[in-house]
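User: I'm new to this one and would like to learn how to read it. Could you walk me through a few features?

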Amino acid sequence: MVAMYNHEATVVPALESLLQSDVSKVELIVCDDKSKDNSIQVCRTWLEQHGHHFESWQLIENEVNLGINGNLNKLVALANGEYLTHFASDDLLAPQAIDLQRNYMLRNSDKDFVWGNCAIIDLQGSTIKARVINGFQNILFKIQFFLMLDLIYVWGLPWCRLFGKTKVFRSFGPYPSEYSLEDRWSALKIAETKRFGYMHNVVHLYRFRGRGENQYTPGVDQMLIRSDCARTESDIYADTAIPWLRNYLWFRTLPYRLQQKNSHQLSWLLAKLNRLFHLGLRVIQFRG
């Protein structure tokens with residue numbers, strides 16, 4: 001599933017990267033969210049030339065802009081395969097990414113989802129960082145406890161792209177329209193299942209947009225990002241019946257919940273403790 005919006009310059013490299021895996025049994029769905037540039041025309045030309053490599057393909061053009069959450073919900077509803085994965089039309093998949101993750105799922109019947117390592121590239125496609133997760137972290141992440149700590153308290157690029165069973169993902173319900181960071185919600189819903197794994201292979205090349213107000217999610221205000229994270233975590237904390245996840249999120253969301261009750265000084269202190277814990281995890285990983 002490819003969510004597309006104003007990516008006429010990058011959609012072809014994104015689609016080309018899919019061909020580095022065996023896509024003969026892959027259903028490709030591209031959904032354009034009312035782009036203002038020539039993304040649709042560029043994408044249609046490529047699909048007409050290369051679509052025969054896939055089992056099937058669809059190019060959907062939304063009549064109105066649905067936003068990323070609405071666009072993803074439309075893609076998920078259209079998916080027919082046993083597994084689903086998605087990425088933005090300005091990112092790339094690594095060589096054999098689909099093969100590696102599909103094979104992991106076939107070998108591990110106790111898993112419904114798998115995350116993988118990630119690289120960072122610049123606007124020209126040159127490598128900025130070959131691996132976001134380093135060697136020591138890869139060893140730690142073989143233990144689900146450390147994977148959970150990083151996902152909840154640190155949060156990073158590897159947890160933004162999902163690969164998993166379509167039926168299970170649909171059981172989570174649609175992406176909530178009120179959140180601007182849809183990947184934080186989906187990652188926590190996946191974490192709630194405890195049926196996930198991690199592979200050290202690089203499967204996703206994330207395009208770094210350059211420095212500015214917010215280089216990772218341009219167009220989304222930093223304060224809104226923090227607020228969205230806090231609301232997402234608090235909502236899942238309130239809804240989940242999984243004791244261990246409630247324990248993780250209790251400490252993580254406490255500053256936000258206290259702030260809602262106007263306990264600003266205590267909220268500030270706990271937010272600093274959360275931040276120190278976050279930095280401590282980063283130091284441990286860096287020293288590795």
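Analyst: Let's look at a helix pair and then two single residues. This is a predicted model, where local features need pLDDT of at least 70, side-chain atom pairs count only at pLDDT 80 or more, and totals for chains, interfaces and linings use all residues. Residues are numbered from 1 along each chain as its sequence is written, and side-chain values use heavy atoms, with hydrogens and water left out.

User: At what angle do the axes of helix 6 and helix 8 cross?

Analyst: Axes are lines fitted to C-alpha atoms, for helices over the stretch in contact, with angles from 0 to 180 degrees between N-to-C directions. Here helix 6 (residues 144-154) and helix 8 (residues 182-193) cross at roughly 150 degrees, their axes coming within 11 Å. Angles over 145 degrees count as roughly antiparallel, so helix 6 and helix 8 are roughly antiparallel to each other.

User: Which residues make the contact?

Analyst: Contact means heavy atoms within 4.5 Å. Helix 6 brings M148, L151 and I152, while helix 8 offers R184, A187, L188 and A191.

User: Is N69 buried or exposed?

Analyst: Buried means under 20% relative accessible area, exposed over 50%. N69 has 6%, so N69 is buried. It sits in helix 3 (residues 67-78). Leaving out residues up to four places away in sequence, N69 touches Y175, P176, S177, Y179 and E182.

User: And where is L92?

Analyst: L92 lies in strand 6 (residues 92-93) and counts as buried at 14% relative accessibility. L92 and P13 are 79 residues apart in sequence, yet 7.1 Å apart in space, C-alpha to C-alpha.

Definitions and conventions:
Helices (H or I, at least four residues) and strands (E, at least two) are DSSP runs, numbered from the N terminus. Angles under 35 degrees count as roughly parallel, over 145 as roughly antiparallel, 65 to 115 as roughly perpendicular and the rest as oblique. Buried means under 20% relative accessible area, exposed over 50%, partly exposed in between (1.4 Å probe, protein chains only).
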